[in-house]
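Here are my notes on the backbone of this model, for reading beside the structure. Please go through them point by point.

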Amino acid sequence: MTERVINFNAGPAALPLPALQRARDEFLDYRGSGMSIMEHSHRGKDYEAVHEEAIALLRGLLDVPEDFHVLFLQGGASQAFATVPMNFLLPGGTADYVITGGWSEKALDEAKLLGSPRVAANTYAGGRSTRVPAQSELSLDPTASYLHFTTNNTLEGTQFHAFPDGHGVPLVGDMSSDFLWRPMDVRPFGLIYAGAQKNLGPSGVIIFLIRKDFLATARKDIPKIFRFGVHADNNSLYNTPPTFAVYMVRNVLAWMRDVGGLAALEAANRQKAGILYGALDTASEFYRCPVEPGSRSVMNVVFRLPTEALEDRFVSEAKKAGMVGLKGHRSVGGIRVSMYNAIPPAAVQTLVDFMTDFAKRSG
Ligand code: PMP
């Protein structure tokens, strides 16, 4: 087998090897059917079994109550930025947005095209953010249709470790980069959305959890293809779903179950964060993490080196040592280490050993 690198990409990102191997093993002949799962009809029994298994695995892992729909749709989180307000920002109504980074700002921009959203808090200025707001900083409108926030800011390396309290206003969470990193209570949420290409599978499918009483408030006078109610009524089969992407998500969810579920993944994710932030905090001044300790992301860790030239050299030498995907997002710069569920603690230890050596040689 060819050597696999340690892949710290932010998304599309590393996937668990057993999920990829399973796809490889059944790629040409899915369970004796003589064709690939992606050549099967989305209305046939083989695909239907995959679809149902993916939903059941997700429900089981996250303990999703029956009063939530689980949907697999296309369009990515960027489309959700628009479809969420299309459905739930009612005429004459309002919605609250917490702005913590580039993605939440993009979500707000789409909502502005459709109504009059409010900014409930803003910790993002000049393209930078080093923390998420505390509950006491939120200015909430009790009449808002929903309170939207980005649970993990992929670009800035910040994360909500306690979710905002909407005081009865349903929460809407963009969990694209930290969905299923640990067990959580979904019930305060009216809607959760997460593009798959970080913790869950390939790009091309986005997962929605939508509480039924929240869905009941959605508009019904928008095009059918954008109506969450239409997709819910049809179990995500109103039109052709991204079948191969859903199949891969099924493989990843089965792997999550097999390694012990979300509690086991949380322990591994906290261990990885401990290894990397521990190294950043003890590594003299050479590596600097700009994010405030209480807001540090367990999924995406950002840090700087003394100069951009050293950052470039760090990225290229790491690549030679078998580690890719470490360059920070072009809007933020520096180094970004994305360590989603598929990255084992040993990979982060390998990176930290490299960092120690690099600092010694360059400091
Ligand atoms: N929200 C967050 C938090 C993200 O990290 C991203 C980037 N993957 C997006 C939204 C946009 O996702 P997409 O490119 O799938 O539309």
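1. Helices and strands here are DSSP runs: H or I over at least four residues for a helix, E over at least two for a strand, numbered from the N terminus. This is a predicted model, where local features need pLDDT of at least 70, side-chain atom pairs count only at pLDDT 80 or more, and totals for chains, interfaces and linings use all residues. Residues are numbered from 1 along each chain as its sequence is written, and side-chain values use heavy atoms, with hydrogens and water left out.

2. Leu180 sits in the loop between β8 and β9 (189-195). Its phi is positive, about 65 degrees, although Leu180 is not a glycine. Most residues other than glycine have a negative phi, and most peptide bonds are trans. Leu180 is buried, at 2% relative accessibility. Buried means under 20% relative accessible area, exposed over 50%, and partly exposed in between (1.4 Å probe, protein chains only).

3. His167 also deserves a look. Its phi is near 45 degrees, again positive in a residue other than glycine. His167 belongs to the loop between β7 (158-159) and β8 (171-174). His167 is exposed, with a relative accessible area of 60%.

4. Check the bond from Gly11 to Pro12. This peptide bond is cis, with omega near -5 degrees. Pro12 lies in the loop between β1 (6-7) and α1 (17-25).

5. Which residue is 194 residues from Glu53 in sequence? Tyr247 is, and the C-alpha atoms of the two are 9.4 Å apart in space. Glu53 is part of helix α2 (residues 45-62). Glu53 is partly exposed, at 26% relative accessibility.
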